[in-house]
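Me: I am in my first year and would like a close look at a single part of this structure. Could you choose one strand and take me slowly through its surroundings?

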Amino acid sequence: MPRVNIIEEDKEFMIEMAVPGMDKSDLVIKIDQNVLIIKSSKEFDQRQYTHFEYSYDTFERKFILPDDIYSDKISAECKNGILKVIVPKNQEIIKNKEIKIS
């Protein structure tokens, strides 16, 4: 499973996830009810490695979101092997939706 940092600030939560070797096209981020889902199904090459530590072929991480967020304003970016998801705080009901990665 990819390692995750979650930072809470006054106006937002930030989720940082280590996704080495992955591009934004390898990742899907969705909200289902009050759960943020981050998943991937990237297939790494089949070469014969002598040492192999960062294979995240398929994973799914789920995060229960608090009620006080702006679900329509969640954003994400993937740069240098780190996925950052910004979850702004507010009093809005969470809807089902997919979040685009910039």
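Reply: What follows is a walk around strand E7, beginning with the chain as a whole and ending at the turn that leads into this strand.

Please keep in mind that the model is predicted. The secondary structure of the protein chain comes to 0 helices and 8 strands, and, read along the sequence, the pattern is therefore written as β-β-β-β-β-β-β-β. Of the 102 residues in the protein chain, 35% are buried, and the accessible surface comes to about 6,900 Å², with 45% of that area belonging to carbon and sulfur atoms. If we take the contacts between residues at least 6 apart in sequence, 57% of them join residues at least 24 apart.

Now to the strand itself, which covers residues 82-88. How many of the 7 residues of E7 are buried? The count is 5, so the strand is largely enclosed by the rest of the structure; for this purpose, a residue is called buried when its relative accessible area is under 20%.

Next, consider the sheet in which E7 lies. This is an open sheet of 4 strands, in the order E1-E2-E7-E6, and its pairing is antiparallel. The edge strands, each of which pairs on one side only, are E1, made of residues 4-8, and E6. On average, and with direction ignored, neighbouring strands of this sheet are turned by 15° against each other.

In that order, E7 stands between E2 and E6, and we can take these two partners in turn. With E2, the strand at 12-18, E7 runs antiparallel and is joined by 7 bridges; on this side, Glu-12 stands opposite Pro-88 of E7. With E6, the strand at 75-79, E7 again runs antiparallel, joined here by 5 bridges. On the E6 side, Ala-76 stands opposite Val-85, while Cys-78 stands opposite Leu-83.

Two residues just named, Leu-83 and Val-85, also appear in the largest nonpolar core, which has 22 residues; they are listed among those with the most contacts inside it, together with Val-19, Leu-27, Ile-29, Leu-36 and Ile-38. Strands E2, E3, E4, E5, E6 and E7 each supply at least two residues of this core. In soluble globular proteins, nonpolar side chains tend to be buried together.

To see one connection in detail, look at Leu-27, a member of the core. Once its neighbours within four places in sequence are left aside, Leu-27 is in contact with Leu-83 and Cys-78, and its other partners include Val-19, Met-22, Phe-59 and Ile-101. The pair that stands opposite across E6 and E7, Cys-78 and Leu-83, is thus found again among the contacts of Leu-27.

Finally, we come to the turn that leads into E7. The strands E6 and E7 form a hairpin with 2 residues between them, and Asn-80 lies in this loop. The phi of Asn-80 is near 55°, which is a positive value in a residue other than glycine. Is Asn-80 buried or exposed? Its relative accessibility is 76%, so Asn-80 counts as exposed.

A further positive phi can be found elsewhere, in Gln-33, where the value is near 60° and the residue is again not glycine. Gln-33 sits in the loop between E3 and E4, and with a relative accessibility of 53% this residue counts as exposed too.

Methods
Residues are numbered from 1 along each chain as its sequence is written. This is a predicted model: local features need pLDDT of at least 70, side-chain atom pairs count only at pLDDT 80 or more; totals for chains, interfaces and linings use all residues. Side-chain values use heavy atoms; hydrogens and water are left out. A nonpolar core is a set of buried Ala, Val, Leu, Ile, Met, Phe, Trp, Tyr and Cys residues joined through side-chain atoms within 4.5 Å. Buried means under 20% relative accessible area, exposed over 50%, partly exposed in between (1.4 Å probe, protein chains only). Contact means heavy atoms within 4.5 Å. Two strands pair if DSSP finds at least two bridges between them. Axes are lines fitted to C-alpha atoms, for helices over the stretch in contact, and angles run from 0 to 180 degrees between N-to-C directions. Accessible areas come from the Shrake-Rupley method with a 1.4 Å probe; for residues, only the protein chains shown count as cover.
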